[in-house]
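Here's a walk through this model, with an eye to its rings, its buried helices and its odd backbone spots. Have the structure open as you read.

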Amino acid sequence: TVSVLYCDSKMVLRYFSVALGCCMASGIRLDTTGDVCVRSEGTRYCSADGSLKVNTTRTTTGTDKLGSYTMDTTVWMPVNFETSTLKYSDQKTVIYRQRFPTGLNKTMVSDKPSSSMDDISSQFPSFVVKNGLYKGYLQYKGQMMGSRYAIGSTAIDISEPLVGGAQDSAPLVLFNNNESVVLSAASNFMSHSQNVVGSNADIVAYGLMGSITYVPAGYELDTIVSYSDEPSIKASIDNWGGKLLTIYGKNRETADRDITTTHLGYSTDNGAWYYYNTEPGKNYEQTMKDVKAYSVEAKLPYQHWLMDSWWYFKSDGNAVKNWTAMPSIFPDGIASVTSVTQWPIVAHNRYWAGDTDYAKQNGGQYNFIIEGPHSIPDDQQFWDDLIHNGTHWGLYTYEQDWLHNEFTNLKATLQSPTLARRWLLQMGSAAAKSKVNIQYCMSWSRHMLQSVEIQSVTQARASDDYHPGGRDGLEDWHPLGVTGMFGHAIAVKPTKDNFWTTDKESGRYGTDIERFNRLHAIVSTLSTGPVAPSDENGMTDVPLVMRSCNAQGKILSPDAPASLIDSVFLTLSGQYPNGPKGDIWSAESTISNVRNYYLLAANATAYDMSRSELCPDVPVGTQLVAWESNTTTSVQLFSDSSPIKLPVTGKWDFQFWTVAPMLSNGWVVMGEASTKWVPLSASRFTSIVTQGSSLTVTLVGKPDEEVTLLFLKPSSFDPIQVKCTFKSGVMTVKMPEGTC
């Protein structure tokens, strides 16, 4: 390790420390400034200017959920503050820890939370990013799972895209063409922040959110750095997320069982036909019963519905006064609708009013913190009762919307090191007790990171509200190619908002219509989250909807969300000057070790997609075939010498390709290529088995459901069509006989 004291261009003394070759662990190449800072009793102390001095150091070893590690700890003075670096034996993981053994007071950066929340009051670690060894960055930013993300080059100004603060402290991916690191909070996510510091605005630093006024004794802040030597940004993000899931014990099983993410639903969210709007002369109770009747008539297998904010009592300013149904909306109660539809409900909620009926200050039973027109519950029993009572009328998934508003509306949540985390944990605990799921909406990345401690959080909005035809330059489908990776990594299903399925509907929002219904449908399907049409009764394009699911409403999705390909990341970061631009996404599905690949191109430049880029794990010698299914099922060989030639695409003439292998006996399973977006979904197919020259495929569905399957026999590119009808929930198809 080389350590240097020097003066920068403004003659400020700085300290720089870097381990030559590998700074922290094998492969991780980040330059650290070595500067450590902390604020106490209104004064800032830093190691670089000598006001924070080393008291003692120690090296210990240990083992935790991530494995064995060596921990180097520095104890500082005059402030009782500790910093530790935990280097794990995998040589791909480092955790930086700040610890406050006796607690601290007067830590807020200025006299107002609103002007302090975008700063940090402690600093460790901090890394030189601008012009560093990693040439590109992906910074998640803003609401809806970081959907305002920035992708760019570290060689240019990073002060705005990487600034962090209350809103934008989020996973940061630094990457080259063959490696990457992910940096993020790893504990106390609601009070952990990121900022750009240094006289040259070239350093990314981590620490305590600047509006926090104190920290209790024993409080800790962890920052994780996760390295990946795979040439895949998605894999790097998955590896990082897997480490957080391991630390906190969250699994994917709850999300995978949540029928409001796995099955088709109907939505009344913003942008829907029935958002604050009913059928003429009818109330919502009658309207939703009519939606059910139409779904039966049209054979639309909806299995749940989303009930947005139009149904409960609000105060002035539209904050929640009482989370029960207004009689004008449901004269006979929500349960009367549930008894007819038999649909579980995704029920919306927002921030709490200062005059909420539930608060003790207003004659209620529960502890609330009230600040003027807003409040927040701080009472586990409140959440237990609220969620449990909802199950009586059909609550299945509790949607907590306006998350960042609830967080910033009150000084209490901005100033306390524990309140915001406790608010979300109480909500999650109550949901778990009542076997209810949670959807986050309008989350900042800190909310999403906090969800790794909350098993009940199964889904979160990953893009903006829908509006027919788009609005204000926002495309609610577009962010999913990047935000979906974030959600999947932390076991949260990314959720695209509702959509209209035809261009024949108009008059609800002036003259706005939906011209790109097919793109919304395929993006929803590829998200692995909810697919939720929101049409006027009688107007749904049923065949389009059914391309996303089976007859039971089960979504036929890929194994993980479709994600932006690495070549686009490299282009946007300046590492691939002539590379592709636009939304070019890939996804996969695996059945009996047979891996199939999917490629979406929309609003994109022309690009030749090679086999080695799209399918790097396919064994040498395995032949692949490909077909485009937005307009055709014509089949071609797929190899580096015979690439997929993507043309310039828009939102209507997007292209969607499927790539499948020739099996050991020459057969190719094209699956439901003529009828479904994802023709070989593991939600439909359970096994593909070859024996000699024969092929047996097993799939699941609904009794009396008809399926159309396509196959290629050996040495042929002409699809063979087989139609079968399920007699039970499981069916086998044998080729070449074509029997079911």
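Arg508 sits over the face of Tyr509, 4.4 Å from the ring centre. Another charge does a similar thing elsewhere: Lys314 lies over the face of Tyr312, at 4.6 Å from the ring centre. Keep in mind that this is a predicted model.

Now for rings meeting rings. Searching the whole structure turns up 36 aromatic pairs. One of them joins Trp352 and Tyr358, edge-to-face, with 5.7 Å centre to centre and 85° between the planes. Both of these residues, Trp352 and Tyr358, are buried. Trp352 also pairs with Trp383: the ring centres are 6.5 Å apart and the planes stand at 75°, so this pair is edge-to-face too. Here the partners come from distant parts of the chain, with Trp352 in strand E26 (residues 352-353) and Trp383 in helix H9 (residues 380-391), 31 residues apart. Trp352 and Trp383 are both buried.

Those pairs belong to a bigger picture. Ring pairs tie Trp311, Tyr312, Trp323, Trp352, Tyr358, Tyr366, Phe368, Phe382, Trp383, Trp393 and Tyr398 into a cluster. Nonpolar side chains in soluble globular proteins tend to be buried together. In this model the largest nonpolar core has 211 residues, and Trp311 and Trp323 have the most contacts inside it. What does Trp323 touch, leaving aside its neighbours within four places in sequence? Its contacts are Trp311, Tyr312, Ala347, His348, Asn349, Trp352, Tyr358, Leu386, Trp393, Leu395 and Tyr398. Apart from the largest core lies another, of 5 residues, among them Ile120, Val128, Ile203 and Ala205.

Trp423 is worth a look as well. This residue lies in helix H12 (residues 419-433) and counts as buried, at 1% relative accessibility. Beyond its neighbours within four places in sequence, Trp423 is in contact with Ile376, Trp383, Leu403, Glu406 and His447. The C-alpha atoms of Trp423 and Pro377 are separated by 7.2 Å, though the two are 46 residues apart along the chain.

On to the helices. Is H15 (residues 517-526) enclosed or open? With 10 of its 10 residues buried, H15 is largely enclosed by the rest of the structure. The buried set isn't just greasy side chains by name: among its members are Asn517, Arg518, His520, Ser524 and Thr525. The cover over H15 includes helix H14 (480-489), helix H16 (542-546), strand E34 (583-591), strand E35 (594-602) and strand E40 (655-661). H14 is itself mostly covered, with 10 of its 10 residues buried. Gly481, Gly484 and Gly487 are among the buried residues of H14, and so are Phe486 and His488.

H7 (residues 284-298) holds Ser295, which is buried with a relative accessible area of 2%. Leaving out neighbours within four places in sequence, Ser295 is in contact with Leu300, Tyr302 and Trp343. Two packed helices are described by the angle and the distance between their axes. For H7 and helix H8 (residues 334-341), the angle is about 10° and the axes are 9 Å apart. At that angle the two helices, H7 and H8, are therefore roughly parallel to each other. On the H7 side, Glu285, Met288, Lys289 and Lys292 meet Ser336, Val337, Val340 and Thr341 of H8.

Last, the backbone. Most residues other than glycine have a negative phi, and most peptide bonds are trans. These residues have a positive phi:

| Residue | Phi | Place |
|---|---|---|
| Met145 | near 65° | helix H2 (residues 143-146) |
| Met442 | near 55° | loop between strand E30 (437-440) and helix H13 (445-450) |
| Ala491 | near 65° | follows H14 |
| Thr528 | near 70° | follows H15 |

Met145 is buried, with a relative accessible area of 0%. Met442 is buried too, at 13%.

Which residues does a cis peptide bond join, with omega about 10°? They are Met77 and Pro78, and Pro78 is found in the loop between strand E7 (67-77) and strand E8 (81-88). The peptide bond from Phe124 to Pro125 is cis as well, with omega near 0°. Pro125 lies in the loop between strand E11 (122-123) and strand E12 (126-128).

Conventions: Residues numbered from 1 in each chain as written. Predicted model: local features only at pLDDT ≥ 70, side-chain atom pairs only at ≥ 80, totals over all residues. Heavy atoms only, no water. Phe/Tyr/Trp six-rings, centres within 6.5 Å; stacked < 30°, edge-to-face > 60°. Buried < 20%, exposed > 50% of the residue type's maximum accessible area, 1.4 Å probe, protein only. Helix = DSSP H or I, 4+ residues; strand = E, 2+ residues; numbered from the N terminus. Lys NZ or Arg CZ within 6 Å of the ring centre and 35° of its normal. Core = buried A, V, L, I, M, F, W, Y, C linked by side-chain atoms within 4.5 Å. Contact = heavy atoms within 4.5 Å. Axes fitted to C-alpha atoms, helices over the stretch in contact; angles between N-to-C directions. Parallel < 35°, antiparallel > 145°, perpendicular 65-115°, else oblique.
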